[in-house]
Amino acid sequence: MAQVVVNVFYNAPTDAEAFEAYYFGTHMPIAEKIPSVEKVVLLKGLPGPDGSPPPYYRLTQIWFADAAAMAAGMGSVEAQAATGDIPNFATGGASVMISEAG
């Protein structure tokens, strides 16, 4: 079975410093409690070679062993708490894409 990844794309926030402080100080400790997670990858966008802004400010990848593990993890109260917390700091908005690795 292929691993399943929940990708959370964050648009540019109105205050990057406030975003970073909340993201690492409050949000990630909540999100780290989601069960069945195999690994988490945190990525921060950089300008393109021409200096253009990145299409997303941050990307968080939450990896699960398979679709059943993802359904169990994301259906948990811990995941609901993490999802519910996103509007508290993602002033630019966020979108989610579930994907299969490979």
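**Sheet and helix packing in the predicted model**

Strand E1 and strand E4 (residues 94–100) pair in the antiparallel sense, with 7 bridges between them. The model is a predicted one. Within this pairing, Val-8 of E1 lies opposite Val-96 of E4.

E1 also pairs with strand E3 (residues 58–64). This pairing is likewise antiparallel and runs over 7 bridges. Val-6 stands opposite Ile-62 of E3. Val-8 has Thr-60 as its bridge partner in E3. Val-8 thus has a partner in E3, Thr-60, and a partner in E4, Val-96.

These pairings belong to an open sheet of 4 strands. The strand order is E2-E3-E1-E4, and the pairing is antiparallel. Strand E2 (37–44) and E4 are at the edges. Each has a single partner strand, so one side of each lacks a neighbour in the sheet. On average, neighbouring strands of the sheet are turned by 15° against each other, direction ignored.

E1 (residues 4–10) is mostly covered. Of its 7 residues, 7 are buried. Val-4, Val-6, Val-8 and Tyr-10 point one way from the strand. Val-5, Asn-7 and Phe-9 point the other way. Residues on both sides of E1 are buried. Val-6, opposite Ile-62 in E3, and Val-8, opposite Val-96 in E4, are among the residues that point the one way.

The helices were examined next. The axes of helix H1 (residues 16–31) and helix H3 (residues 77–85) come within 8 Å. They cross at roughly 155°. Angles over 145 degrees count as roughly antiparallel. H1 and H3 are therefore roughly antiparallel to each other. On the H1 side, the contact is made by Tyr-22, His-27, Ile-30 and Ala-31. These residues meet Glu-78, Ala-81, Ala-82 and Asp-85 in H3. The residues of the contact divide into 5 nonpolar, 1 polar and 2 charged.

An annotation from the UniProt record, an unreviewed entry, reads "domain: EthD" and covers residues 13–91. Over residues 13–91, the chain is 42% helix and 19% strand. The C-alpha atoms at the ends of this stretch are 5 Å apart.

Conventions:
Residues are numbered from 1 along each chain as its sequence is written. This is a predicted model: local features need pLDDT of at least 70, side-chain atom pairs count only at pLDDT 80 or more; totals for chains, interfaces and linings use all residues. Side-chain values use heavy atoms; hydrogens and water are left out. Axes are lines fitted to C-alpha atoms, for helices over the stretch in contact, and angles run from 0 to 180 degrees between N-to-C directions. Helices (H or I, at least four residues) and strands (E, at least two) are DSSP runs, numbered from the N terminus. Angles under 35 degrees count as roughly parallel, over 145 as roughly antiparallel, 65 to 115 as roughly perpendicular and the rest as oblique. Contact means heavy atoms within 4.5 Å. Ala, Val, Leu, Ile, Met, Phe, Trp, Tyr, Cys and Pro count as nonpolar, Asp, Glu, Lys and Arg as charged, and the others, Gly among them, as polar. UniProt positions are given in the numbering used here, feature names are shortened, and annotations may be inferred rather than shown by experiment. Buried means under 20% relative accessible area, exposed over 50%, partly exposed in between (1.4 Å probe, protein chains only). Two strands pair if DSSP finds at least two bridges between them.
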